[in-house]
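The questions below take up charged side chains and surface character in one protein chain, and each answer is worked through step by step.

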Amino acid sequence: MLRAIVTSPLNILLLAAPASWIAEVTAPGSPWVFIAAAASLVPLASLIGQGTEQLAARSGPALGGFLNATFGNAAELIIALVALRNGHVALVKASISGSIIGNLLLVLGLSFFVGGLGRRSQKFHRTPATNAAAMLFLAVVALVMPAVFDLAIYGTLDVHPRAIDSLSFWTALVLMSAYAGNLIYAFTAQRDLLRPGGESAHGVTTLSVAASVGLLAIGTVLTTVQAEILVGAMTPALKRFALTELFVGVVVVALIGNAAEHYSAVTAARRDEMSLAVEISVGSSTQIALFVAPALVLYSFAIGRPMTLLFNPFEITAIALSVLATAFVVVDGESNWVEGVQLLSVYLILALAFYFVPGG
């Protein structure tokens with residue numbers, strides 16, 4: 001297990017964890033606490049991914065898919081749970097939006113661009129990609145309907161009737177059921193669902209089950225600790241850098257939680273394993289939209305702080321455009337670096353728009 005930790009150059013950032021502890025004690029309220037905690041979460045997400053992929057590689061397609069569905073987006077889920085418990089509902093919604101947008105546009109765009117350099121085009125399995133895009137359309141419907149309900153009945157998005165709570169709760173159950181059905185279909189079709197953390201076709205298991213569980217446990221515990229520090233230090237950091245919760249959630253938190261998956265997808269694309277790269281990026285967005293987001297809604301009701309699926313118009317529009325752009329580029333089962341540039345351009349435009357949205 002120690003060897004797995006020290007062999008990755010990315011894990012040098014683990015030193016940022018004790019640095020954040022020291023900064024929190026010696027300089028509470030300093031933006032460096034936020035920066036150090038954020039940097040430490042990048043390798044911790046990678047450790048969780050490593051432990052999961054080692055267990056999944058020994059489990060066969062069905063159980064391996066379940067493990068990745070549960071732990072593949074663990075870092076984002078833990079950060080969101082901590083933020084939700086501390087009342088940062090806007091940040092949680094923004095991180096959900098950012099994860100979906102970032103995986104579909106930034107990760108897939110980088111994969112297409114890097115993989116396409118020096119190649120005329122690359123091919124990938126079209127069926128799973130279009131199936132995932134169709135599932136994401138279901139998520140768009142789930143996000144649009146609460147807003148349409150509010151606008152149609154009350155003429156504004158500022159009203160929060162009890163019906164929106166009920167609509168969000170039952171919609172969350174529908175989304176999770178649809179995701180479960182998608183997994184069952186994948187299992188019965190004998191599709192390898194061992195990604196998104198990523199064992200590739202060249203992957204070899206090197207850790208024992210005990211070491212893999214230990215790595216997963218260490219990564220999860222430390223991620224929870226660092227998420228608490230990150231959320232606690234967020235307010236002074238936002239004031240210091242003149243950023244909004246919306247931008248931090250959509251861009252910063254989403255990039256931190258998905259950094260390890262970003263690297264895996266781009267590396268796979270460079271090896272000309274585009275099916276894997278597409279599954280990591282699009283599949284991870286599907287997990288966030290149909291599993292993580294509904295789970296957070298149900299958790300919010302359980303702790304007595306209901307979070308609805310009523311997102312702001314900016315987030316809904318950005319997610320819808322991301323899904324539409326992705327559906328356009330995956331429908332033919334081929335990619336090239338120009339399509340990568342197009343997706344990256346869409347992401348940059350959306351990121352800029354979120355940056356210039358004024359704070360509350």
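Q: Which residues make the nonpolar surface patch of about 350 Å²?
A: In this predicted model, a patch of nonpolar side chains covers about 350 Å² of the surface. One of its members, Leu15, lies in the loop between helix 1 (2-6) and helix 2 (16-26), and Leu15 counts as exposed because its relative accessibility is 57%. The residues that make the patch are Leu10, Ile12, Leu13 and Leu15.

Q: How many salt bridges does the count come to, and which residue pairs with Arg85?
A: Side chains of opposite charge can pair when their charged atoms come close. The count comes to three salt bridges. In one of them the side chain of Arg85 is met at 2.1 Å, N to O, by that of Glu228.

Q: How many residues apart are Arg85 and Glu228?
A: The salt bridge between Arg85 and Glu228 links distant parts of the chain, with Arg85 in helix 5 (residues 74-85) and Glu228 in helix 9 (residues 209-232). Arg85 is partly exposed, with a relative accessible area of 37%, and Glu228 also counts as partly exposed, at 33%. Along the chain, the separation of Arg85 and Glu228 is 143 residues.

Q: Which strands hold Lys123 and Glu334?
A: The side chains of Lys123 and Glu334 form a salt bridge of 2.5 Å, N to O. Lys123 counts as exposed at 58% relative accessibility, whereas Glu334, at 29%, counts as partly exposed. The pair ties together parts that are 211 residues apart in sequence, because Lys123 lies in strand 1 (residues 122-123) and Glu334 in strand 2 (residues 334-335).

Q: Is Glu273 buried or exposed?
A: Glu273 forms a salt bridge with Arg271, with the closest N and O atoms 3.1 Å apart. Arg271 has a relative accessible area of 37% and is therefore partly exposed. For Glu273 the relative accessible area is 14%, and since buried means under 20%, Glu273 is buried.

Q: What is the nearest side chain of opposite charge to Asp165, and how many Å away is it?
A: Asp165 is placed in helix 8 (residues 162-188), and it is buried yet has no salt bridge. Leaving aside neighbours within four places in sequence, Asp165 is in contact with His160, Phe301, Pro306 and Thr308. A salt bridge requires a nitrogen of Lys or Arg within 4 Å of a carboxyl oxygen, whereas the nearest side chain of opposite charge to Asp165 is Arg162, 6.3 Å away.

Conventions
Residues are numbered from 1 along each chain as its sequence is written. This is a predicted model: local features need pLDDT of at least 70, side-chain atom pairs count only at pLDDT 80 or more; totals for chains, interfaces and linings use all residues. Side-chain values use heavy atoms; hydrogens and water are left out. Patches are made of residues with over 30% relative accessible area and no salt bridge: like charges are joined within 9 Å, nonpolar side chains (Val, Leu, Ile, Met, Phe, Trp, Tyr) within 5 Å. Accessible areas come from the Shrake-Rupley method with a 1.4 Å probe; for residues, only the protein chains shown count as cover. Helices (H or I, at least four residues) and strands (E, at least two) are DSSP runs, numbered from the N terminus. Buried means under 20% relative accessible area, exposed over 50%, partly exposed in between (1.4 Å probe, protein chains only). Lys and Arg count as positive and Asp and Glu as negative; His and the chain ends are not counted. Contact means heavy atoms within 4.5 Å.
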